[in-house]
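Here is a short tour of a protein chain, from its overall fold down to its core. Take a look at the model, then read on.

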Amino acid sequence: MFARLVLFKFGPGMRSAAEELAGDLAPQIRGLRGCKSVTVFGDDSDGQYGLFVLWESQEDADAAASVIAPQLEAHLEGKVTEETTQRLFTVIEP
């Protein structure tokens, strides 16, 4: 199993942008092959938000990234205040 972590910063007062992203992308991600779960989280006080997705395999995670990345970039364009961080981790204990 693999975990994809994406962190992005919209800044304070941008919860609606995070909610829009979550409402659009989370259902799409859940529908992709190999998705075990997706969580969108954040801290409204500093505007740091993120996605945490568990995948059955690295192949599933990589295939999903090619589909979701352009849509994620569209949601982030012109809104992020810092560089977005994305990592794929091996799950040690689910």
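## Contacts along the chain

Of the contacts (heavy atoms within 4.5 Å) in the protein chain between residues at least 6 apart in sequence, 72% link residues at least 24 apart. Please keep in mind that this is a predicted model, where local features need pLDDT of at least 70, side-chain atom pairs count only at pLDDT 80 or more, and totals for chains, interfaces and linings use all residues. Residues are numbered from 1 along each chain as its sequence is written, and side-chain values use heavy atoms, leaving out hydrogens and water.

## Fold and overall shape

The protein chain has two helices and four strands, with helices (H or I, at least four residues) and strands (E, at least two) taken as DSSP runs numbered from the N terminus. Starting at the N terminus, their order is β-α-β-β-α-β. Along the principal axes, the C-alpha atoms of the protein chain fill a box of roughly 35 × 25 × 20 Å.

## The nonpolar core

Buried residues (under 20% relative accessible area, 1.4 Å probe, protein chains only) make up 35% of the 94 in the protein chain. The largest nonpolar core (buried Ala, Val, Leu, Ile, Met, Phe, Trp, Tyr and Cys residues joined through side-chain atoms within 4.5 Å) has 20 residues. Those with the most contacts inside this core are Phe 8, Phe 10, Leu 21, Ile 29, Trp 55 and Leu 72. Helix 1 gives the largest share of this core, six residues.

Leaving aside neighbours within four places in sequence, Trp 55 has contacts that include Ile 29, Leu 32 and Ala 64.

Technical notes
Buried means under 20% relative accessible area, exposed over 50%, partly exposed in between (1.4 Å probe, protein chains only).
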